[in-house]
Amino acid sequence: MQSSQEPSPSLTTVSRVAIVGGGFSGATISRLLALSGLFEPDEIVVFEPRSRLGAGVAYDTNDPSLRLNVAAHRMRAIPGDPQRFARWFCETGRAGRDPEAGTEGAIYARRGDFADFMDNEMRPLLENGSIIHACERVERIHRQNGRWRIEGNAGTILHADIVVVATGHPPPRTPAQFASALQFHPRFVSNPSTSGAFQKIQQRDNIWIIGAGLTALDVLATLRARGHSGEITLLSRSGRLPRPHATGSFTLDGDDLLKRVPKTALCLLRQVRLAISDVTEKRLPWQIVFDALRHQGQAIWQALPLEEQRCFLRHLRRWYDIHRFRMPPQIKELVARETAAGRLHIRAGRIVSAECGSRDILVDVATTPHGNIEKDRAQWLILATGPDHENVIGSQACLLDLERAALITKDPHGLGIKCDRENRALARDGTPVDDLFIAGPLARGTFGELTSVPEIVDQAERIMQRIRQIRSIGTRRTPIRSTLNN
């Protein structure tokens, strides 16, 4: 049996379900399948190059400055027991070891704590063989004799009846305006999640961060925690930061915020503004409107015609994101402190060109709203614009395999991979691929709201139920064979 901490040996196996990606989405699906009681040991295999399942890019960090963007009691990661993470955090003594976690009436735990929690949930299923962790990256996926053949970079070869693609977020993309000029520049950080990305930054270096969302705020927090004290500029097209959470606990009466599902982006905007006006007149925080809106998010998105979805993405997406995906209180305090001290600057604009100087990076910035060009310089540029979902297929060889075979295609908005409402991949001709599922944020083009833990859990349960239906039909079963024993 493979330990999740060790690389997998070369195996030739036949297994019922293969899950590509072991972040939160893939781990949750594998856990639900394993607990369903319908699968034998070794029939659920998760390919994940990280040593643990359930962390992924979002939570795989030991940086104590990086915290969850929502309170612990909202991390409803376990179906049927929505408060398990919050209880675990207190029962394990982590709350006592992290006194800064509790603030404004809630607990905002470190992301590494959530990774430890998921590891704790997954480990018993790994130890009893209900789930196999192939600790490697998938290089190829293709059809072979009516089944799926999956090849890992460390030599594992797996044949499966069902594949779940849960690869999560792709790396960011360098803007074309300065990609060629800075491609090999030692002071340009194109992916801040890369190990050692900030190692050479000196304490007083002048830094520009491209982006002003949660990823950019993560970079800010990490740099300050490492002792950096120089000036930092956040540059984004809007110059707007994510909004803070409300202090206290509030909810709206009733299940639905919008009694009539809007059919246009403009109608949606008007209804949300009206709801905010109503709650603020009652001296309630506007944040509860977006918390309520979240529960209707998928229904609203799916009711919008394709062109209205495009209109939303073009005109309202940034406005929605900064109100929906909010900064934790610890980051709010950091931003306020750094801004007051004159060490943090927020600018609206975009870099239209860049040039490598002898010691600095020279940039031309088109300012907002007038578009005037201003020349400036920085000792470091850090790209923090978030994942490049539009290029998710091109970022991974195994997904390119599926695209070349016409089994997957990009969704029409460039948010991920096209799928139907049963989470089945849609082939190039529009037909669903019954044994190929798209999980997690990759399916946002179809579902809209599909980034946070509760929404991913709901999707995982739907995928698990669909796989159970396929399982009940009955397919041939062949035990795992190791080529080392042949």
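1. The lining of the largest cavity. In this predicted model, the largest cavity is lined by Ser65, Leu66, Arg67, Asn69, Arg111, Leu214, Leu217, Asp218, Pro328 and Ile331. Its volume is about 50 Å³. Helix H7, which spans residues 214–225, supplies the largest share of this lining, namely 3 residues. By residue class, the lining of the largest cavity comprises 5 nonpolar, 2 polar and 3 charged residues.

2. The second largest cavity. The structure holds 2 cavities of 30 Å³ or more, and the second largest has a volume of about 40 Å³. Leu268, Leu269, Val272, Leu293, Phe312, Leu316, Trp319 and Tyr320 form its lining. Two or more residues of this lining come from each of helix H8 (265–281) and helix H11 (317–324). H8 gives the most, with 3 residues. What is the division of this lining into nonpolar, polar and charged residues? There are 8 nonpolar residues, no polar and no charged ones. The student may set this result beside the lining of the largest cavity, where 3 charged residues are found.

3. The open sheet. Seven strands make up an open sheet; their order is S9-S15-S10-S11-S12-S13-S14, and the pairing is mixed. Strand S9 (188–189) and strand S14 (373–378) are the edge strands, each of which pairs on one side only. Within the sheet, one pair may serve as an example: strand S10 (residues 207–210) and strand S11 (residues 232–236) run parallel and are joined by 4 bridges. Opposite Leu234 in S11 stands Ile209.

4. Salt bridges in general. Side chains of opposite charge can pair when their charged atoms come close. How many salt bridges does a search of the whole structure find? The search finds 41 salt bridges. The points below take up a selection of them.

5. Arg137 and Glu139. The side chains of these two residues meet in a salt bridge, with an N to O distance of 2.8 Å. Arg137 has a relative accessible area of 44%, which lies between the limits of 20% and 50%, and therefore counts as partly exposed. Glu139 is also placed in the partly exposed class, because its relative accessible area is 27%.

6. Asp161 and Arg147. A salt bridge joins Asp161 to Arg147, and their closest N and O atoms are 2.5 Å apart. The pair links distant parts of the chain: Asp161 belongs to strand S8 (residues 157–165) and Arg147 to strand S7 (residues 147–152), with the two residues 14 residues apart. Are these partners buried or exposed? Both Asp161 and Arg147 are buried.

7. Arg466 and Glu422. In this salt bridge, the closest N and O atoms of Arg466 and Glu422 are 3.3 Å apart. Here too, distant parts of the chain are linked, since the residues are 44 residues apart. Arg466 lies in helix H15 (residues 453–473), whereas Glu422 lies in the loop between helix H13 (397–404) and strand S16 (424–426). Glu422 is partly exposed because its relative accessibility is 36%, a value between 20% and 50%.

8. A shared network. Salt bridges need not be read as separate pairs: Arg31, Asp81, Arg84, Arg87 and Glu121 are joined into one network by salt bridges that share partners.

How values were computed:
Residues numbered from 1 in each chain as written. Predicted model: local features only at pLDDT ≥ 70, side-chain atom pairs only at ≥ 80, totals over all residues. Heavy atoms only, no water. 1 Å grid on protein atoms, 1.4 Å probe; cavity = no way out; pocket = protein on both sides within 12 Å on 5 of 7 lines; lining within 4 Å. Points joined across faces, edges and corners; volume = space filled by probe spheres on them. Nonpolar A, V, L, I, M, F, W, Y, C, P; charged D, E, K, R; others polar. Pairing = 2+ DSSP bridges. Salt bridge = Lys/Arg side-chain N within 4 Å of Asp/Glu carboxyl O. Buried < 20%, exposed > 50% of the residue type's maximum accessible area, 1.4 Å probe, protein only.
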